[in-house]
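Biologist: Could you take a close look at one part of this model for me, the surroundings of the ligands? I'd like one connected walk-through, cut-offs included.

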Amino acid sequence: MSEPRYPNCLNQKSKPSNFCPGCGYGIILKALGQVIDEMEIAPRTVMAVDIGCNLLAWDYYKLDTIQTHHGRVTPLTVGYKRAKKDSVMIGIAGDGGLYAIGLQGFLHAAHRDDAVTIIGVNNTIYAMTGGQLAPTSLPYQVTDSSPDGKFTYDKPVFGPELTKDWANSQAYLARASVLNVPELKQMLKKAIERQIEGHFSFVEVLSFCPTNWKTDAKETIEMTENLEKIFKTGVING
Ligand SMILES: Cc1ncc(C[n+]2csc(CCOP(=O)(O)OP(=O)(O)O)c2C)c(N)n1
Ligand code: SF4
């Protein structure tokens, strides 16, 4: 049998980042690439990207990549998996794509226990379009579309906890943070292993968006530490 064309997904020369300086996405994508390479699954891994800053993920790996409309990454990931059962499917979306426009397809995939891995990036806003209110925005959070602060709800959406009510008991559901890369990698690895065992897996990752938060480096870390107090990291269903 011939050698796979790309045995690793990260063995390319580094490229200039398309993300804003200080963005959390680079941390998530690097951790994910390292996990894929450590698990030696690159030749059969397909990356599915949503619309949002997450779509820039297509440019950083030696992996086949597919893309869809905003919010449709879960059904896209599931459809590909059903057609190619030996693939390892990793879908990535923002909190807007996953918990607003894409919530229905996402929850039903969890309920059906489709064997895919979804990564949901929680930066508390719609990032690519300029920082509008998302389901994960905090009470009183000032965003581009809530200049007087988010006042209509008294709590944000807690994605993995919500999913637990819908998911099969064998699903893996967890929340990580870009402030703790070893734990992030551990959770991504566990999630992919669970998919390979035939079950749904989901990791929400708390991430920085300094551009739309309008924060400097110190404030970005402080904001993320505050998020960790509200959105508790850990395994929600293991
Ligand atoms: C069907 C549809 N509705 C709206 C948009 C406009 N749109 C593009 S990106 C985006 C929000 C992105 O925010 P999020 O999903 O949280 O991802 P992030 O940029 O934070 O990664 C929206 C509303 C679109 N592209 N398609
Ligand atoms: S807008 Fe925010 S999430 Fe998007 S690349 Fe810039 S810092 Fe990152």
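Modeller: Here's a walk around the two ligands, starting with ligand 1. This is a predicted model, so to speak: local features need pLDDT of at least 70, side-chain atom pairs count only at pLDDT 80 or more, and totals for chains, interfaces and linings use all residues. Residues are numbered from 1 along each chain as its sequence is written, chains are lettered from A and ligands numbered from 1 in the order written, and side-chain values use heavy atoms, with hydrogens and water left out.

Ligand 1 has 17 residues around it, and Tyr-25, Cys-53, Asp-95, Gly-96 and Gly-97 come nearest (a residue is near if one of its heavy atoms lies within 4 Å). Helix H3 (95-101) gives the most to that shell, 4 residues, while strand S5 (125-126) is also in there with at least two; helices (H or I, at least four residues) and strands (E, at least two) are DSSP runs, numbered from the N terminus. For polar contacts (N or O pairs within 3.5 Å), an oxygen of ligand 1 sits 2.9 Å from a polar backbone atom of Met-128, and an oxygen is 3.3 Å from a side-chain N or O of Asn-123. Taken alone, ligand 1 exposes 590 Å², and the protein buries 75% of that (Shrake-Rupley, 1.4 Å probe).

Over at ligand 2, the surrounding residues include Phe-19, Cys-20, Asn-123 and Ala-127. Helix H7 (residues 210-213) supplies the largest share of this shell, 3 residues.

Key: A polar contact is a pair of N or O atoms within 3.5 Å; within protein, one must be able to donate a hydrogen and the other to accept it, and residues adjacent in sequence count only if both atoms are side-chain atoms.
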